[in-house]
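Biologist: Please take a close look at a single part of this model and at what packs around it. I would like one connected account, with the rest of the chain brought in where it helps.

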Amino acid sequence: MIYTSAAEKALSLLKAPTASDRQTVAGVSDLVNGCDRCVAKALRTPRDISRTMPLAALLGTAFHALAERRIKRDPSSLATEVKVTAGTVGGVAVKGTADLVDLENGEVLDWKVLSKRKIKAFRTAYAVTEDGAFFDDDFIGAQLMAYYLQVQVYAAAVNDRCPDMIHTASLLLVPRDATRETIDDIVQIEFPYDPEVRSTVMARAQDLLAYEGNPDDLRSSPYCWTCNNSVRIPDKKNEEKEEESWGSRTS
């Protein structure tokens with residue numbers, strides 16, 4: 001598309017990377033991927049920061065910035081955009097950002113900006129019992145489980161600083177295709193804090209880093225968008241999958 005000079009300036013500024021975009025080493029969001037092959041590659045290969053951010057992800061970043069600015073107006077409110085270190089893998093620190101931390105109520109929360117259809121599906125894709133959290137064996141369940149692992153790792157990292165303060169890990173699901181919805185329609189999914197989750201995530205990452213073979217020989221998750229679309233014939237169904245997958249990458 002041909003733009004005016006003013007529009008080109010505006011769009012070029014939108015492409016400027018955030019601190020998260022400039023991160024080249026694997027972070028928490030990379031390690032919770034259910035695909036062994038992709039995690040191994042993320043641990044070995046510097047992240048490509050030259051790639052233009054998809055618009056769905058940009059909308060998520062914009063919402064995070066707005067939420068952070070508004071919440072910070074009240075100095076006694078939640079801590080927002082809290083930088084954490086989950087641990088180390090191969091001697092390299094694994095970092096992430098907890099969107100919201102409430103030490104008074106013992107909760108860590110993570111914003112996710114998604115389609116209304118996905119949010120609706122998430123609400124029935126898991127069950128929490130005395131034996132732990134269980135997720136549906138499908139694309140939706142796999143993605144929700146990755147978010148669950150991510151916020152649990154953040155909660156553990158916060159507890160490193162403030163021992164035994166966190167007992168709840170939550171997702172706040174924001175519909176990006178909202179029309180009549182308001183802030184009161186944002187959906188929360190709460191999970192009891194599980195201190196074992198981080199240990200499992202980090203041990204898996206360490207094992208995958210130690211793997212001496214070709215990462216392409218490792219197991220690929222049947223629900224991995226990257227692996228399933230590495231050789232891709234464009235069609236309507238695949239385009240829909242791509243839009244949903246990129247829209248989830250907002251942290």
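Modeller: A residue counts as buried when its relative accessible area is under 20%, as exposed when it is over 50%, and as partly exposed in between. Phenylalanine 135, with 16%, is therefore buried. The model is predicted, and the part I have chosen is helix H6, residues 139-161.

First, the setting. The chain has nine helices and seven strands. Of its 251 residues, 39% are buried. Among contacts with a separation of 6 or more, 66% join residues 24 or more positions apart.

The largest nonpolar core contains 47 residues, and Leu31, Leu43, Val108, Phe122 and Leu173 have the most contacts inside it. Helix H6 is the element that gives the most to this core, namely 13 residues. A second core, separate from this one, has eight residues, among them Ala67, Ile71, Trp111 and Leu172.

Valine 108 shows how H6 is tied into the main core. Once neighbours within four places in sequence are left aside, the contacts of valine 108 include Val151, Tyr154, Ala155 and Val158, and H6 spans residues 139-161. Valine 108 also contacts Ala98, Leu100 and Val101, as well as Ile166, Thr168, Ala169 and Ser170. Strand S6 covers 168-175.

Now the aromatic side of the helix. Seven aromatic pairs are present in the structure. A pair of rings is described by how far apart the centres are and by the angle of the planes. For phenylalanine 135 and tyrosine 148 these values are 5.2 Å and 55 degrees, and the pair is tilted. Phenylalanine 135 belongs to strand S5, residues 132-135, while tyrosine 148 belongs to H6, and the two are 13 residues apart. Tyrosine 148 has a relative accessibility of 7%, so this residue is buried. The two rings are also part of a cluster linked by ring pairs, in which Tyr126 and Phe191 take part as well.

Tyr148 appears again where H6 meets H7. The axes of these two helices are 8 Å apart, and the packing angle is about 110 degrees. Angles of 65 to 115 degrees count as roughly perpendicular, so H6 is roughly perpendicular to H7. H6 contributes Tyr148, Leu149, Gln152, Val153, Ala156, Ala157 and Asp160 to the contact, and H7 contributes Val197, Arg198 and Val201. Sorted by class, this contact comprises seven nonpolar residues, one polar residue and two charged residues.

Which residues does alanine 156 touch? Alanine 156 is in H6 and is buried, with a relative accessible area of 2%. Not counting residues up to four places away in sequence, alanine 156 touches Tyr193 and Arg198. Its C-alpha atom lies 7.5 Å from that of alanine 86, although the two residues are 70 apart along the chain. Alanine 86 falls within strand S1, which runs over residues 79-89.

H7 (residues 196-210) has another partner, helix H3 (residues 36-44). Their axes come within 9 Å and cross at roughly 75 degrees, so H3 and H7 are likewise roughly perpendicular to each other. On the H3 side the contact is made by Asp36, Val39, Ala40, Leu43 and Arg44, and on the H7 side by Arg204, Ala205, Leu208, Leu209 and Ala210. This contact has seven nonpolar and three charged residues, and no polar ones. Arg204 also contacts glycine 34, which sits in the loop between helix H2 (28-31) and H3. Glycine 34 has a relative accessibility of 36% and so is partly exposed.

Finally, the loop that follows H6. Aspartate 164 is in the loop between H6 and S6. At 76% relative accessibility, aspartate 164 is exposed. Most residues other than glycine have a negative phi. Aspartate 164 has a positive phi, near 65 degrees. Glutamate 81 also has a positive phi, about 55 degrees. Glutamate 81 lies in strand S1 and is partly exposed, at 22% relative accessibility.

Note on methods:
Residues are numbered from 1 along each chain as its sequence is written. This is a predicted model: local features need pLDDT of at least 70, side-chain atom pairs count only at pLDDT 80 or more; totals for chains, interfaces and linings use all residues. Side-chain values use heavy atoms; hydrogens and water are left out. A nonpolar core is a set of buried Ala, Val, Leu, Ile, Met, Phe, Trp, Tyr and Cys residues joined through side-chain atoms within 4.5 Å. Buried means under 20% relative accessible area, exposed over 50%, partly exposed in between (1.4 Å probe, protein chains only). Helices (H or I, at least four residues) and strands (E, at least two) are DSSP runs, numbered from the N terminus. Contact means heavy atoms within 4.5 Å. Axes are lines fitted to C-alpha atoms, for helices over the stretch in contact, and angles run from 0 to 180 degrees between N-to-C directions. Angles under 35 degrees count as roughly parallel, over 145 as roughly antiparallel, 65 to 115 as roughly perpendicular and the rest as oblique. Ala, Val, Leu, Ile, Met, Phe, Trp, Tyr, Cys and Pro count as nonpolar, Asp, Glu, Lys and Arg as charged, and the others, Gly among them, as polar. Rings of Phe, Tyr and Trp (its six-membered ring) pair if their centres lie within 6.5 Å; planes under 30 degrees apart count as stacked, over 60 as edge-to-face and the rest as tilted.
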